[in-house]
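Reader: Could you walk me through part of this fold, one question at a time?
Author: Gladly, let's look at it together.

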Amino acid sequence: MESLFRCPVCAAPLTRGEGAYVCPNRHSFDIAREGYVHLLPANQKHSKAPGDDKEMAAARNRFLSGGYYGHLRAALEELALAYAGEAPTVVDSGCGEGYYTAGLYEALSAAGRPTAMAGVDISKFCLRWAAKRARQVEFAVASAYHLPVADGRASLLVNCFSPLAAEEFCRVLAPGGVFLYVVPAPDHLWELKEVLYDKPYRNPEEAIPYQGFAYLDIVKAERDITVTGQSLTDLFRMTPYYWKTPREGSARLAELDTLTTRAAFRIHVFRREG
């Protein structure tokens, strides 16, 4: 089967077989039992197991499966239907455990759009969940700064809370292709921050232009969510705050069983120039 991926060694196209991806130069990459492939060369790894660890990936999967960020997923699906085209090729860079990836694929397919789609993340633990969640999508362990995708291959590229590699995204997108970039709004998880920190800060509200892209829109997706029990622990575990919070803040959160907080996002919509 023809693949959206290219060989990370020689950049030749990859073909997906029953158990491995192979390029014309006979470089071969085994497909894991869950369905993803490892395309991250050793010289692009900065640790033995980069990205989200096993526990963080599981927490992210549980929390997102609860639908707390369903409004963001719905907004992304609406934008994909508006901009992706009739037979889109979609790349999700930093796809995590595949919640948004699966939503985009399902929405485009339900609209009768034949869709080729690939998800890339640096965490193999996340991709174990993603490959199970969206079996019609190709998934690969790879770096956002070295996407294993040919030049101009994608008509839509999505990036949710993941490293922004603007130059690489520009390379992968076809001229006229659209880039959806999700960032936290100023008051995202504000009430959670008030529990964790003595002096919480708001996220910046920014509209930053990137070379090779033209702004089309900035779309808001926000609502209050009430998080309880294990989901509250999972929310904390999947955020950067988990690594930055003082012990006192973590203790205050542990005493809570329920928290209502703002889940607020901005989707920056760009078109690839050229």
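Reader: Thanks! Which residue in β8 does A118 stand opposite?
Author: Bear in mind that this is a predicted model. Strands β7 and β8 run parallel and are joined by four bridges. Within this pairing, the residue that A118 stands opposite in β8 is E138.

Reader: And on the β6 side, what is the bridge partner of T89 in β7?
Author: Strand β6 (residues 89–93) runs parallel to β7, and five bridges join them. T89 has its bridge partner in β7, and that partner is A116.

Reader: Going from β6 through α3 to β7, is the crossover left-handed or right-handed?
Author: The chain leaves β6, passes through α3 and arrives at β7, making a β-α-β crossover. A further β-α-β unit is built from β7, helix α4 (residues 124–133) and β8, and that unit is right-handed. For the crossover from β6 to β7 the hand is right-handed.

Reader: How far apart are the end C-alpha atoms of helix α3?
Author: Helix α3 covers residues 99–110, which is twelve residues. At 1.5 Å a residue it should span 16 Å, so the model's value can be checked against that figure. The two agree, with the end C-alpha atoms lying apart by 17 Å.

Reader: How many of the twelve residues of α3 are buried?
Author: Buried here means under 20% relative accessible area. Among the α3 residues that meet this are Y99, Y100, L104 and L108. The helix is mostly covered, and its buried residues number nine.

Key: Residues are numbered from 1 along each chain as its sequence is written. This is a predicted model: local features need pLDDT of at least 70, side-chain atom pairs count only at pLDDT 80 or more; totals for chains, interfaces and linings use all residues. Side-chain values use heavy atoms; hydrogens and water are left out. Helices (H or I, at least four residues) and strands (E, at least two) are DSSP runs, numbered from the N terminus. The expected span of a helix is 1.5 Å times one less than its number of residues. Buried means under 20% relative accessible area, exposed over 50%, partly exposed in between (1.4 Å probe, protein chains only). Two strands pair if DSSP finds at least two bridges between them. A crossover is right-handed if, with the strands pointing away from the viewer, the path from the first strand over the helix to the second runs clockwise.
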